[in-house]
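The exercises below ask you to read a model step by step, with the sequence and the coordinates side by side. Try each task on the structure before you turn to its solution.

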Amino acid sequence: MRVLVVEDESLLAESIAEWLRREAFAVDVAYDGGAALERLGVNEYDVVVLDRDLPGVHGDDVCRAIVDGGGETRVLMLTAAAAVRERVAGLAIGADDYLTKPFALVELSARVHALSRRARRAAPPTLTRAGIVLDPARREVHRDGRYVPLSRKEFAVLVELMRADGAVVSAEELLERAWDEHIDPFTNAVRVTVMKLRRKLGEPQVVETLAGVGYRIP
């Protein structure tokens, strides 16, 4: 799942981004409203963590642009203003949730997780296919009753393959959903990650490669 953090305080922005990356999100960062709009024009995000008081293009205008775009992106608005009228104003322009500074990163990540579930098609609490049981909430994977320890990227790739419900997922789609914007589009990261994932899941292999098309778990 992909998140855009828009915050002009660079230390706070990087702290939020690093925390969410530990939660297995792919995170991009923008430090002003104009840069946020540029990224939103290129990439699809499940959630945007948006500071309201941004330089240049105001956070309200970024929020309006997201809402007017008509997509599935959810907005968690951040502000130093604690007054009820400020929160109401933020929600009125289309924000899905509101968090007042200062805040605990654990609360922010919980809200991002909740919004990301709303941004995507509803999925069952656990995903099951080909003997694999994946619990997104606990970030645990078992195959035929055996616990399978996975890295964050291996887990993210497996989530996308399981959610596809037997359909083919291209390498480009996996790059878009499991990595951030700094990944080289010509990298072999997907192929290497799938190779490691196959090895950890064990025999018989369940992740199929369709040459020139992508990957699937039939």
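## Exercise 1: an annotated aspartate

Asp51 is buried, with a relative accessible area of 3%, where buried means under 20% relative accessible area, exposed over 50% and partly exposed in between, for a 1.4 Å probe and protein chains only. The model is a predicted one, in which local features need pLDDT of at least 70 and side-chain atom pairs count only at pLDDT 80 or more, whereas totals for chains, interfaces and linings use all residues. Residues are numbered from 1 along each chain as its sequence is written, and side-chain values use heavy atoms, with hydrogens and water left out.

**Task.** Determine in which strand Asp51 lies, and which residues Asp51 is in contact with once its neighbours within four places in sequence are left aside.

**Solution.** Start with the secondary structure: Asp51 belongs to strand S3, residues 47–51, helices (H or I, at least four residues) and strands (E, at least two) being DSSP runs numbered from the N terminus. Next, collect the contacts, meaning heavy atoms within 4.5 Å; without the neighbours within four places in sequence, Asp51 is in contact with Val6, Glu7, Asp8, Gly59, Leu78, Thr79 and Lys101. Finally, consult the record: UniProt, in an unreviewed entry, lists Asp51 for "modified residue: 4-aspartylphosphate", and such annotations may be inferred rather than shown by experiment.

## Exercise 2: the two sides of a helix

**Task.** Work out which residues of helix H3 (residues 59–69) are buried, and which are exposed on the other side of H3.

**Solution.** The buried residues in H3 are Gly59, Asp60, Val62, Cys63 and Ile66. They lie on the same side of H3 because they cover an arc of only 160° around the axis, the arc being that of the directions from the helix axis to the C-beta atoms. Asp68 and Gly69, on the other side of H3, are exposed. To see what the buried residues of H3 pack against, look at helix H2 (33–42), S3 and strand S4 (74–79). Just after H3, Gly70 takes a positive phi of about 70°.

## Exercise 3: an antiparallel sheet

**Task.** Establish the order of the 4 strands in the open sheet, and then follow the pairing across it.

**Solution.** The order is S6-S7-S8-S9, with antiparallel pairing, and two strands pair if DSSP finds at least two bridges between them. Strand S6 (127–129) and S9 stand at the edges with a single partner strand each, so one side of each is left without a neighbour in the sheet.

1. S6 and S7 pair over 3 bridges in the antiparallel sense, and the bridge partner of Thr128 in S7 is Val133.
2. Strand S7 (residues 132–135) is joined to S8 by 4 bridges, with His142 in S8 as the bridge partner of Val133. The hairpin of S7 and S8 has 4 residues between the strands, and in it Arg139 takes a positive phi near 55°.
3. S8 is joined to strand S9 (residues 146–147) by 2 antiparallel bridges, and His142 stands opposite Tyr147 in S9. The hairpin of S8 and S9 has 2 residues between them, and Asp144 in the turn has a positive phi of about 50°.

Within S8 (residues 140–143) the side chains alternate, so to speak, face by face: Val141 and Arg143 point to one face and are buried, while Glu140 and His142 point to the other and are not.

## Exercise 4: nonpolar cores

**Task.** Which residues have the most contacts inside the largest nonpolar core, and which element supplies its largest share?

**Solution.** A nonpolar core is a set of buried Ala, Val, Leu, Ile, Met, Phe, Trp, Tyr and Cys residues joined through side-chain atoms within 4.5 Å. The largest has 26 residues, and those with the most contacts inside it are Leu158 and Leu201. S7, helix H6 (152–163), helix H7 (171–178) and helix H8 (189–201) each supply at least two residues of this core, and the largest share, 7 residues, comes from H6. Apart from this core lies another, of 18 residues, among them Ile16, Val29, Leu76 and Leu99.
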